[in-house]
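Here are a few notes to read alongside the model, from one colleague to another. Have the viewer open as you go through them.

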Amino acid sequence: CDLIRKDSIDDFITYINQNQYSLNSIINPSIYETNKFLLKQYKVSLIEYAVFFGSIQIYNYLRLNNAELQPSLWLYAIHGKNAEIIHSLEENKIKPKDESYKKCLIESIKCHHNDIANYILNQYLLKEKDISNDIMINSLKYHNLNFEQNDLINESSFYYLCKYDHYILVKSILKEMDIDVNTKIIHIT
């Protein structure tokens with residue numbers, strides 16, 4: 001794992017060959033792992049781990065030596081924040097599991113990887129009609145106000161501002177807007 005995180009390609013190849021690892025091997029869970037995304041995954045392959053850390057040299061080595069390219073790589077690539085890996089997934093016609101790219105957008109908003117979020121919006125979701133509400137809710141949920149849309153602030157979004165502890169915005173809106181805080185809100189969870 002350390003070799004992958006450092007993208008030490010020569011040492012990685014030597015280690016793989018000496019220990020006769022399959023390039024599709026699964027990384028054993030570690031008590032030292034602290035990343036929530038990785039902890040939630042059931043199994044993490046070598047290539048997923050490389051993509052997660054943006055280790056382009058090791059990714060390319062694994063890809064060129066027939067490691068399996070899975071749809072799950074998209075979410076790992078968002079964390080890795082490596083545009084070259086994302087473009088490689090596109091070139092190899094690897095689509096995310098949901099194929100709508102909405103989960104990829106949400107994950108990039110969650111990670112505050114706004115360049116990737118904007119890329120996904122422009123390339124895959126620009127024609128989506130109902131995406132603005134998802135963007136608003138998730139930008140509030142993950143405190144990524146880069147995607148806040150002032151024109152969508154209403155009683156429904158006010159609920160999310162309260163739910164996700166945006167105290168200063170709530171206070172400001174209460175001063176400026178006439179919002180009935182007792183209105184029943186139908187919300188999406």
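**Notes on the core and the helices**

1. Let's begin with the inside of this predicted model. Its largest nonpolar core holds 43 residues, and Leu 62 and Leu 105 have the most contacts inside it. Helix 4, spanning residues 46–52, gives the most to this core, contributing 6 residues.

2. Leu 62 is a good place to centre your view. Once neighbours within four places in sequence are set aside, Leu 62 is in contact with Phe 12, Leu 23, Leu 46, Ile 47, Ala 50 and Ala 67. Apart from the core around Leu 62 lies another one, of 9 residues, including Ile 137, Leu 140, Phe 158 and Leu 161.

3. Now for the overall layout. The protein has 12 helices and 2 strands, and along the sequence they follow the pattern α-α-β-α-β-α-α-α-α-α-α-α-α-α.

4. Helix 9 (residues 114–125) deserves a look down its axis. Its buried residues are Asn 114, Ile 116, Ala 117, Ile 120, Leu 121 and Leu 125. They line one face of the helix, because seen down the axis they fall within an arc of 155 degrees. The cover over these buried residues includes helix 6 (73–80), helix 7 (83–91), helix 8 (102–110) and helix 10 (131–141).

5. Some totals may be handy for your own calculations. Of the 189 residues in the protein, 40% are buried. The protein exposes about 11800 Å², with carbon and sulfur atoms supplying 48% of that area. Among contacts between residues at least 6 apart in sequence, 57% join residues at least 24 apart.

Definitions and conventions:
Residues numbered from 1 in each chain as written. Predicted model: local features only at pLDDT ≥ 70, side-chain atom pairs only at ≥ 80, totals over all residues. Heavy atoms only, no water. Core = buried A, V, L, I, M, F, W, Y, C linked by side-chain atoms within 4.5 Å. Buried < 20%, exposed > 50% of the residue type's maximum accessible area, 1.4 Å probe, protein only. Helix = DSSP H or I, 4+ residues; strand = E, 2+ residues; numbered from the N terminus. Contact = heavy atoms within 4.5 Å. Areas by Shrake-Rupley, 256 points an atom, 1.4 Å probe, with all protein chains shown as cover. Arc of directions from axis to C-beta.
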